[in-house]
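The following exercises invite the reader to study a two-chain structure step by step. Each task is followed by a worked solution.

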Amino acid sequence: MAVDTPREWLHQEWVHSHEEDRDDEMVFRPASFKFPPSRGRRSIDLRRDGTVGHARPGPDDRRQRSAGRWEIDGHALKLFPATGKTPAEVYRITSASPDRLVLRSG
Amino acid sequence: MQVHHRLLERDPEFRLRQAELERKIHNRLAAGTSVRQAVTTVPVVVHVVYKTADEKITAAQVKSQIAALNKDYRATNPDKSKVPSVWQGLVTDARVQFALATRNPAGNKTSGILYVRTTQAAFPDDDSVKAPATGGSAGWPSARYLNVWVCSLGDGLLGYAQFPGGPAKTDGIVILNRAFGTTGTATAPFRLGRTGTHEVGHWLNLRHIWGDTEDCSGTDFVADTPNAQHPNYGKPRFPHVSCQNGPNGDMFMNYMDYVDDDAMLMFTAQQVVRMQASLDGPRATIGK
């Protein structure tokens with residue numbers, strides 16, 4: 001889907017549902033999704049004000065949090081560091097709905 | 001990890017101790033020797049922190065975890081035969097084994113298992129399970145014991161650890177009760193005790209094989225594990241190539257990746273050097 005104008009439901013915390021990944025596609029679900037236990041999950045909190053909160057499993061398996069900015073450019077989701085104009089990560093949004101966000105690298 | 005970073009910022013001594021340990025490990029890797037050549041037996045105290053009857057796991061379940069650790073750390077786990085042939089030669093005995101403590105800090109006899117009732121339905125990854133004031137159980141002296149807290153954890157987490165050199169009061173590992181041991185409430189795909197194997201690896205200073213970055217720039221400070229981009233989950237098919245590490249790809253069957261219990265099978269020779277360096281350094285009083 002084209003997401004030139006982010007839909008309201010995109011503004012939430014999305015958690016990596018790695019059990020559902022296929023090939024190079026990563027599946028994310030809302031934080032309220034019933035996830036099975038895992039050694040760790042990445043999440044991205046896409047906030048309305050353009051900031052993003054990241055959480056990743058850290059070196060000792062606790063969650064490691066960091067912050068940055070995000071924007072939608074056509075079908076691309078760009079994640080920027082807290083400072084700087086070069087995106088740290090760029091994903092192609094291959095499908096998006098209120099309960100499922102699918103991203104592909106590049 | 002937020003706690004790990006917070007400690008590094010708040011406790012400069014922790015940063016210094018970690019830097020000093022890395023320097024010693026570097027020398028050890030260059031020399032290729034360890035001070036301890038014999039097998040080290042680690043005395044373990046297990047704090048079972050429970051609210052419900054299910055969470056009060058049996059002694060048999062606790063002992064099944066100790067047995068699993070002993071197989072994995074002595075490389076006597078039968079499933080090591082599943083390691084791809086290219087890496088069979090790297091499968092290494094860590095020369096570490098585990099036994100429930102038989103004496104408490106006061107010198108009295110103990111089973112090595114403490115049952116502590118709590119009002120907490122689940123604990124976050126913030127060390128609160130390690131203090132009575134926050135509904136947990138106080139650790140035994142970390143110079144002598146490996147403290148293992150077993151409880152319900154929030155956010156679907158299986159466990160977390162603390163590296164050597166951190167505060168004594170929170171030293172040890174925390175494991176979800178349903179991912180602990182190989183019987184009782186242990187639930188597949190985390191029913192082979194490998195969450196314990198992984199967390200003890202951190203306690204002995206091992207890092208994740210993807211180096212804790214997702215752009216190939218990180219390192220696990222170990223030369224014989226290929227550089228990998230991401231954690232691997234589930235039961236990957238060999239080979240899984242990332243970070244130009246073909247043709248064999250990620251060593252996802254290493255205990256320090258994130259795969260299911262039945263997909264992690266080995267430590268390497270250099271990982272064992274790192275673990276033994278921690279037993280020669282910040283954990284020198286363990287098993288002595």
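A residue counts as buried when its relative accessible area is under 20%, as exposed when that area is over 50%, and as partly exposed in between. The model examined here is predicted.

**Exercise 1. Describe the salt bridge between Arg29(A) and Asp99(A), and decide whether each partner is buried or partly exposed.**

Solution.
Step 1. The closest N and O atoms of Arg29(A) and Asp99(A) are 3.9 Å apart. Because a salt bridge requires such atoms to lie within 4 Å, the pair qualifies as a salt bridge.
Step 2. Arg29(A) belongs to strand 2 of chain A, while Asp99(A) is in the loop between strand 7 (89-97) and strand 8 (100-105) of chain A, so the salt bridge ties together parts 70 residues apart in sequence.
Step 3. Arg29(A) has a relative accessibility of 11% and therefore counts as buried.
Step 4. Asp99(A), at 44% relative accessibility, counts as partly exposed.

**Exercise 2. Determine which parts of chain A are linked by the salt bridge of Arg41(A) with Glu19(A).**

Solution.
Step 1. In this salt bridge, the closest N and O atoms are 2.8 Å apart.
Step 2. Arg41(A) is placed in the loop between strand 2 (25-30) and strand 3 (43-46) of chain A, and Glu19(A) in the loop between strand 1 (13-16) and strand 2; the two residues are 22 residues apart.
Step 3. Arg41(A) has a relative accessible area of 10%, so this residue is buried. Glu19(A) has a value of 40%, so this residue is partly exposed.

**Exercise 3. Characterise the surroundings of His16(A).**

Solution.
Step 1. His16(A) is located in strand 1 of chain A.
Step 2. The relative accessible area of His16(A) is 10%, so the residue is buried.
Step 3. A polar contact of 2.8 Å joins the side chains of His16(A) and Asp21(A).
Step 4. When neighbours within four places in sequence are left aside, the residues in contact with His16(A) include Met26(A), Phe28(A), Phe35(A) and Arg41(A). Arg41(A) is the residue that forms a salt bridge with Glu19(A).

**Exercise 4. Describe the interface of chain B and chain A: how much area is buried, and which residues take part in salt bridges?**

Solution.
Step 1. The two chains bury about 2,200 Å² between them, with 52% of this area on carbon and sulfur atoms. Chain B contributes 37 residues to the contact and chain A contributes 17 residues.
Step 2. Three salt bridges are counted between the chains, whereas the whole structure holds 23 over all chains.
Step 3. Arg62(A) and Asp127(B) meet in a salt bridge at 3.1 Å, N to O.
Step 4. Across this interface, 16 residue pairs are in polar contact. On the side of chain B that touches chain A, two or more residues come from each of helix 1 (2-10), strand 5 (159-161) and helix 4 of chain B. Helix 4 gives the most, with five residues.
Step 5. This side of chain B comprises 13 nonpolar, 10 polar and 14 charged residues.
Step 6. Asp261(B) and Arg39(A) also meet in a salt bridge, at 2.5 Å, N to O. Asp261(B) lies in the loop between helix 4 (194-203) and helix 5 (269-280) of chain B, and Arg39(A) in the loop between strand 2 and strand 3 of chain A, so the pair joins two chains. Both residues are buried.
Step 7. Arg42(A), Arg56(A), Glu89(A) and Glu214(B) form one network through salt bridges with shared partners.

**Exercise 5. Locate the nonpolar cores and relate helix 4 of chain B to its surroundings.**

Solution.
Step 1. In soluble globular proteins, nonpolar side chains tend to be buried together.
Step 2. The largest nonpolar core has 43 residues, of which Val46(B), Tyr73(B), Phe98(B), Val148(B) and Val200(B) touch the most other members. Elements that each supply at least two residues to this core include strand 1 (40-50), helix 3 (59-73), helix 4 and helix 5 of chain B.
Step 3. Apart from this core lies another, of 16 residues, among them Phe28(A), Ile44(A), Leu79(A) and Leu103(A).
Step 4. Phe98(B) touches residues including Ile66(B), Leu69(B), Tyr73(B) and Val200(B).
Step 5. In helix 4 of chain B, 10 of 10 residues are buried, among them His198(B), Glu199(B), Val200(B) and His202(B). The buried residues of this helix pack against strand 1, helix 3, strand 2, strand 4, strand 5 and strand 6 of chain B.
Step 6. Asn205(B), which follows helix 4 of chain B, has a positive phi, near 80°.

Conventions
Residues are numbered from 1 along each chain as its sequence is written. Chains are lettered from A and ligands numbered from 1 in the order in which they are written. Side-chain values use heavy atoms; hydrogens and water are left out. A salt bridge is a side-chain nitrogen of Lys or Arg within 4 Å of a carboxyl oxygen of Asp or Glu. Helices (H or I, at least four residues) and strands (E, at least two) are DSSP runs, numbered from the N terminus. Buried means under 20% relative accessible area, exposed over 50%, partly exposed in between (1.4 Å probe, protein chains only). A polar contact is a pair of N or O atoms within 3.5 Å; within protein, one must be able to donate a hydrogen and the other to accept it, and residues adjacent in sequence count only if both atoms are side-chain atoms. Contact means heavy atoms within 4.5 Å. Buried area is the accessible area (1.4 Å probe) that two parts lose on being put together, summed over both. Ala, Val, Leu, Ile, Met, Phe, Trp, Tyr, Cys and Pro count as nonpolar, Asp, Glu, Lys and Arg as charged, and the others, Gly among them, as polar. A nonpolar core is a set of buried Ala, Val, Leu, Ile, Met, Phe, Trp, Tyr and Cys residues joined through side-chain atoms within 4.5 Å.
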